[in-house]
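This report describes one protein chain, from its overall form down to a single helix and a single residue. Please keep the sequence and the model in view while reading.

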Amino acid sequence: MRLTLLLVLINIGVFAYTFLDLPHFIETYGFSSDSFAQGKYFNLVTAMFIHANILHLVGNMLVLYFVGSAIEKNIGKFIYLWVYFLSGIIANLGVILLPFIGSTVTVVGASAAISGLIGLGAFKLSGKWMMSPIRFIPIPMPFMVAGALYALLNFYGLFVLKISISSGGHLIGGFIGALF
């Protein structure tokens, strides 16, 4: 749980640091096809620690706390970090590859990395129960059910709602975690 708390604190610290000039930090450190083309490869990682607003941060950190704690406790720190960063990086790269997201979109947030943890947990801890925050209310459910609901919601968001949330990035991150 220490690693999960450390990641939560880093995300909160970065948000506090960037809060007063958030648009600048999103433009400078968020990930987009333009930033990639300009050689800002570090944005693949920095974007995972920038959040668009307080609600974005709180939602991500709440899910990270519950999902991350279960993963860290049952699978270990090494795999946790591998899945977290690899899912976030590959999902960010997916923004370039998914034409229906749009090439000018700038991606920020930890949700694709967290999606990787959800995908990992859905298969490695499928029968274990976890607290899944739904609308900020923790609800107990098996990891596999939480993972399936999460995937369905993101497919719906991607293909039906076509909302500004990176549902495609979430699905890519979850798929990478599931591969582990």
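## Terms and basis

A residue is called buried when its relative accessible area is under 20%, exposed when it is over 50%, and partly exposed in between, using a 1.4 Å probe and protein chains only. Helices (H or I, at least four residues) and strands (E, at least two) are DSSP runs numbered from the N terminus.

This is a predicted model, in which local features need pLDDT of at least 70 and side-chain atom pairs count only at pLDDT 80 or more, while totals for chains, interfaces and linings use all residues. Residues are numbered from 1 along each chain as its sequence is written, and side-chain values use heavy atoms, with hydrogens and water left out.

## Overall form

The chain has nine helices and two strands. Their order along the sequence is α-α-α-α-α-α-α-β-β-α-α.

The radius of gyration, taken over C-alpha atoms, is 15 Å, which agrees with the value near 16 Å for a compact globule of 180 residues. The globule rule is 2.2 Å times the number of residues to the power 0.38. Along the principal axes, the C-alpha atoms fill a box of roughly 45 × 35 × 30 Å.

## Burial and contacts

Of the 180 residues in the chain, 46% are buried. Contact means heavy atoms within 4.5 Å. Among contacts between residues at least 6 apart in sequence, 72% join residues at least 24 apart.

## Helix α7

Helix α7 covers residues 111-124, which is 14 residues. From its first C-alpha to its last it reaches 19 Å, close to the expected 20 Å; the expected span is 1.5 Å times one less than the number of residues.

Twelve of the 14 residues of α7 are buried, so the helix is largely enclosed by the rest of the structure. Among them are Ser 111, Ile 114, Leu 117 and Leu 120. Which helices do the buried residues of α7 pack against? They pack against α5 (54-75), α6 (77-97), α8 (143-161) and α9 (167-179).

## His 56

One residue of helix α5 is His 56. His 56 counts as partly exposed because its relative accessibility is 22%. Leaving aside neighbours within four places in sequence, His 56 is in contact with His 51, Val 108 and Gly 109.

His 56 can also be placed relative to Ala 113, one of the buried residues of α7. His 56 and Ala 113 are 57 residues apart in sequence, and their C-alpha atoms are 14 Å apart in space.
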